[in-house]
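Trainee: Could you walk me through the charged side chains in this one? I'd like to take it pair by pair.
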Number of protein chains: 2
Amino acid sequence: MFRTHTCGELRINHINQEVTLAGWVQTIRKFGSITFVDLRDRYGITQLLFGEDLNTQLENNPLGREFVLQVKGIVAERSNKNKNIATGEIEINIQSFQILNKSAVPPFTIQDDTDGGDDLRMKYRFLDLRRNAVKKNLELRYAVNRSVRNYLHEKGFMDIETPFLIKSTPEGARDFVVPSRMNPGQFYALPQSPQTFKQLLMVSGYDRYFQIVKCFRDEDLRADRQPEFTQIDCEMCFVEQEDILQMFESMIKQVFKDVKNIDYTDSVERMTWQEAMWNFGNDKPDIRFGMKLTNLKFPAHTFPTKKDISSLIASDFAVFNDAETVVAIAVPGCSEYSRKQTNELVEWAKRPQIGMKGLAFIKCNTDGTYKSTIDKFFTEEQLKAIAQTCNAQTGDLIILVAGPEERTRKATSELRLEMGKRLGFRKDDEFKLLWVLDFPLFEYAEEDNRWVARHHPFTAPKPSDIDIMINNNPVIENPAEYLKHPYANIKANAYDMVLNGNEIGGGSIRIYQKELQQKMFAALGMDAEEQQHKFGFLLGAFEYGAPPHGGIAFGFDRLCSILGGSESIRDFIAFPKNNSGRDVMIDAPSEIDAKQFDELQIKLNLK
Amino acid sequence: MFRTHTCGELRINHINQEVTLAGWVQTIRKFGSITFVDLRDRYGITQLLFGEDLNTQLENNPLGREFVLQVKGIVAERSNKNKNIATGEIEINIQSFQILNKSAVPPFTIQDDTDGGDDLRMKYRFLDLRRNAVKKNLELRYAVNRSVRNYLHEKGFMDIETPFLIKSTPEGARDFVVPSRMNPGQFYALPQSPQTFKQLLMVSGYDRYFQIVKCFRDEDLRADRQPEFTQIDCEMCFVEQEDILQMFESMIKQVFKDVKNIDYTDSVERMTWQEAMWNFGNDKPDIRFGMKLTNLKFPAHTFPTKKDISSLIASDFAVFNDAETVVAIAVPGCSEYSRKQTNELVEWAKRPQIGMKGLAFIKCNTDGTYKSTIDKFFTEEQLKAIAQTCNAQTGDLIILVAGPEERTRKATSELRLEMGKRLGFRKDDEFKLLWVLDFPLFEYAEEDNRWVARHHPFTAPKPSDIDIMINNNPVIENPAEYLKHPYANIKANAYDMVLNGNEIGGGSIRIYQKELQQKMFAALGMDAEEQQHKFGFLLGAFEYGAPPHGGIAFGFDRLCSILGGSESIRDFIAFPKNNSGRDVMIDAPSEIDAKQFDELQIKLNLK
């Protein structure tokens with residue numbers, strides 16, 4: 001061992017002990033004939049004092065930032081104590097030192113507020129990882145890992161490894177593939193998830209399975225996606241939805257306790273998918289704040305059970321009359337927004353990411369009057385009625401959004417989140433969990449005139465919908481009337497866990513009956529041959545006593561980033577890739593040798 | 001929940017409780033009007049009693065092996081108790097039952113002694129996994145995983161995930177590669193180990209890292225190799241060899257305690273690589289038994305410090321005189337082997353895997369006389385002297401092996417293991433750990449007239465050999481005299497952990513000085529450009545304060561199989577591949593779509 005103690009370990013009770021430390025030079029400060037050095041390791045920082053007697057040696061062996069140093073000395077009480085660090089009461093009077101390795105001047109400072117830009121920090125990730133801010137993220141990641149494992153172990157789950165070299169069955173996302181040298185012309189795929197394997201483990205009776213496991217998707221990378229990502233993957237036998245919800249909300253509460261010391265004692269709210277869309281405009285609402293949507297107008301088929309209140313906005317205003325959907329939100333305390341401020345919001349809504357043509361506003365003035373950008377078309381009585389329906393208080397600003405259903409709903413949802421952020425309703429240190437339930441099982445794919453699985457092809461319908469699925473032909477005879485097809489209203493036995501407006505986990509009760517699984521594959525446009533080729537092993541397994549089962553998978557990277565109060569999952573991954581899927585530090589991917597092409601019996605076919 | 005209890009849970013104190021169980025039908029036995037069913041799940045087996053009143057229902061819904069059943073009934077005391085199972089004192093008087101899923105007749109029996117052959121069991125692995133023998137293996141695997149994690153957590157190690165999509169730097173084994181769609185013409189590689197990443201984490205100051213992680217090698221598969229395998233991968237900062245040995249022998253002892261309830265209190269033996277080769281003929285000796293080799297003749301350069309005793313076998317016997325090496329082992333108690341028995345051993349040694357031309361024998365008869373197959377060339381006095389040198393006792397059979405050094409040594413080692421096995425010296429339930437130390441750093445590659453790293457290119461030489469490495473040119477001027485090159489005698493700062501004759505782990509203190517690492521790469525025949533292309537990131541990292549560090553990796557599959565008393569790692573992997581790298585259950589690898597080729601911009605180039 002190069003040390004007797006770490007740099008985070010020494011306290012006042014160690015005074016007069018002879019110690020040896022090793023670590024990195026954080027700072028060097030010279031005061032006359034003495035030199036102070038802050039020595040850093042994973043565990044902390046310790047102040048070193050080099051007296052006059054070491055000056056010659058220091059001159060011959062000058063120290064620099066990030067040098068690796070081994071020192072021997074005596075622990076002494078500091079005259080100037082530093083209350084901000086755990087070792088702040090002591091320093092080491094150095095007797096001798098040895099430079100274990102030198103360092104070039106780092107391309108950016110190793111500090112929380114570094115001067116390094118994103119590209120530079122990624123290229124020198126091994127230096128970036130030294131920064132306390134990044135280290136804390138990886139420590140949090142390990143703490144979540146440990147907490148999850150302990151919880152699942154207590155509950156009887158077994159970690160069982162599933163294979164990484166599997167079969168390509170593209171369905172939704174693209175597979176990464178791996179040419180097989182021993183089977184020329186054939187390829188493995190890297191798993192997008194261990195889905196079918198964990199189901200097979202249930203068929204094998206393993207009862208409670210988990211894995212914290214890498215998964216792979218070859219997708220064009222949006223801002224915060226990685227081609228390889230980590231899932232907490234779980235599956236259970238002989239369960240219904242309620243069992244899963246209770247098991248895994250308890251798990252996340254345990255993580256809150258272990259990692260953040262938060263007692264999340266509230267019961268986790270639940271909401272149907274339809275209520276989420278109706279009240280928040282999306283399926284992963286941030287329920288840390290209200291500002292629910294008021295649906296003044298909407299197409300009848302999207303929310304068949306909801307009451308039409310469009311008479312409230314009956315007028316000559318063509319924009320509303322022509323719109324499929326008109327939605328309003330009442331933003332608290334913003335009735336005194338200036339023209340400049342509302343114009344800025346209009347510009348915000350017109351950006352391509354949002355895509356609306358404009359916004360209308362009603363100010364609920366503190367004097368009880370109403371003032372609107374659409375005064376021309378609405379009487380004050382009408383404005384008041386709208387405001388009351390929106391549950392607006394005096395002092396609120398009502399924002400109205402109109403246009404086609406899907407875009408308008410999404411835009412209003414984004415607007416709500418944006419206003420929530422601006423008004424400080426979305427606090428990093430407040431955590432609100434939510435289960436979203438009762439998703440539709442299918443979506444309609446217009447281009448192929450067939451169904452696609454909203455979750456994945458192994459999700460079971462609600463028990464009450466099984467007969468509807470079995471007893472009807474999935475083929476859509478009349479594309480124009482797909483909404484009237486019995487499959488359009490089938491609900492999935494699926495659930496998403498949402499934390500502060502982010503989907504952190506999702507799962508479902510699975511199909512375990514061969515006939516139902518075949519019906520599902522058929523609905524997705526797979527004929528018997530394709531079913532057999534891609535999923536013959538699963539259909540085969542379902543012939544030999546498959547039990548009822550279900551599970552869930554959590555996005556581990558995302559969960560960590562939210563717990564860490566960050567928007568970016570990259571900050572919680574030791575060696576992330578950039579938006580082109582490159583690791584700029586090691587310069588991968590890269591070209592391979594002619595010999596490798598030759599052995600794999602493939603060649604390039606560049607366009 | 002489909003159950004109130006598991007099938008392994010009910011005891012005598014549950015009597016008269018109403019319970020619901022779910023599981024698989026293991027056996028059905030009819031006795032007159034009543035039917036006994038053994039219901040199985042992961043946790044055990046419970047006996048169900050179907051009375052006469054359920055006969056009509058059973059006739060309408062006949063049960064079969066591996067059916068999934070849910071039953072409701074009352075716990076009752078058995079008249080015929082079964083002491084062999086934990087639930088053997090009770091049975092369930094069934095009130096009602098429901099078949100949750102039927103099963104076709106399984107292609108083999110779900111029992112410890114199954115009638116299924118290897119191929120069938122692999123194809124139906126989801127059924128094979130139901131067998132208790134396989135389940136116990138996976139439970140042991142999880143127990144080892146858990147034990148290792150707990151130990152390393154206690155010691156301050158952090159689990160940090162390293163990337164799977166990295167850069168191809170073929171060095172030794174072949175990489176599996178992954179074409180990058182977003183970077184056409186470029187490929188990722190799957191990691192053969194996280195070696196360089198864990199070293200970067202040390203450069204980043206993470207101090208103690210571990211991971212239980214999948215690794216990949218595209219090698220022709222020998223009997224017990226898998227293209228994907230799991231490592232317990234560990235690394236530490238500021239350590240010397242002794243620190244690693246102590247940390248990790250304690251870890252394995254903890255695993256023995258947690259998993260096998262064995263108190264391994266003996267200190268772990270240590271042996272140099274040279275002593276291992278001298279006494280046992282290989283670098284991973286099984287030290288559960290003695291039968292050490294006696295080196296009657298050997299080439300001077302292989303064991304420069306050992307005394308030449310070849311005068312003992314001076315005679316007219318051409319086989320010995322022409323041989324480079326003559327090695328003997330004394331096999332206890334076998335002096336009365338018949339001619340048939342010794343002939344069988346000769347045949348054994350002639351098999352191509354062993355490759356010897358023959359064996360000679362000396363019988364140390366119980367009457368004190370000696371009888372040998374080479375009596376013609378040696379006097380009884382000579383035989384006696386040889387026997388004494390071999391430490392043979394009366395009643396022993398001395399086997400002599402002669403030929404070229406490498407083959408003869410290996411053959412004698414195999415012979416020793418074979419005789420040890422036949423004589424019952426290699427017990428599954430006895431465990432002997434051993435550290436093998438002081439390996440040569442380099443091996444000589446004749447075809448390229450250069451050095452290859454015996455361990456890997458990041459292993460440091462012994463501290464005392466660093467100057468030899470730095471101050472000499474690695475180029476071998478005269479291939480015939482490579483043994484005289486200063487690099488030939490450099491020892492590695494490396495260590496292997498051996499358990500019962502299997503290498504279960506290996507590691508080293510690493511190079512952390514840029515200049516030394518460059519010298520190492522140069523010795524392996526890499527010029528500066530190739531060094532920069534392949535390992536520029538590592539050489540770069542060594543410029544910014546790399547600390548002394550070292551680590552170890554354990555073969556997790558192998559460790560589990562030895563602890564489980566099995567020769568085959570496949571029995572300890574949930575979904576293994578066969579010798580052609582195929583998963584016969586899911587039928588992978590397989591062909592991919594034209595669209596996939598098109599997107600990846602590659603095509604086949606089949607020979």
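Trainee: What does Arg29(B) form with Asp38(B), and how far apart are the closest N and O atoms?

Mentor: First, a caution: this is a predicted model, where local features need pLDDT of at least 70, side-chain atom pairs count only at pLDDT 80 or more, and totals for chains, interfaces and linings use all residues. Residues are numbered from 1 along each chain as its sequence is written, chains are lettered from A and ligands numbered from 1 in the order in which they are written, and side-chain values use heavy atoms, with hydrogens and water left out. The term to know is salt bridge: a side-chain nitrogen of Lys or Arg within 4 Å of a carboxyl oxygen of Asp or Glu. Arg29(B) and Asp38(B) form a salt bridge, with the closest N and O atoms at 3.3 Å.

Trainee: Is Asp38(B) buried or exposed?

Mentor: Buried means under 20% relative accessible area, exposed over 50%, and partly exposed in between (1.4 Å probe, protein chains only). Its partner Arg29(B) has 32%, so that one is partly exposed. Asp38(B) has a relative accessible area of 16%, so Asp38(B) is buried.

Trainee: How many residues apart are Lys198(B) and Asp233(B)?

Mentor: Their side chains meet in a salt bridge, 2.8 Å from N to O. The pair links distant parts of the chain, with Lys198(B) in helix 5 (residues 195–203) and Asp233(B) in strand 10 (residues 228–237) of chain B; helices (H or I, at least four residues) and strands (E, at least two) are DSSP runs, numbered from the N terminus. Lys198(B) is buried at 1% relative accessibility, and Asp233(B) is buried at 1%. Along the chain, the separation is 35 residues.

Trainee: Which residue meets Arg454(A) in a salt bridge?

Mentor: Look in the loop between helix 7 (273–280) and strand 12 (294–297) of chain A, 171 residues away from Arg454(A). Arg454(A) is partly exposed at 27%, whereas the partner counts as buried at 19%. The N to O distance is 3.7 Å, and the partner is Asp283(A).

Trainee: Which residues do salt bridges that share partners join into one network?

Mentor: Here the pairs link up through shared partners in chain A. The members are Asp118(A), Arg121(A), Arg125(A), Asp128(A), Arg131(A) and Arg570(A).

Trainee: And how many salt bridges does the structure hold over all chains?

Mentor: Side chains of opposite charge can pair when their charged atoms come close. Counted over all chains, the total is 79.
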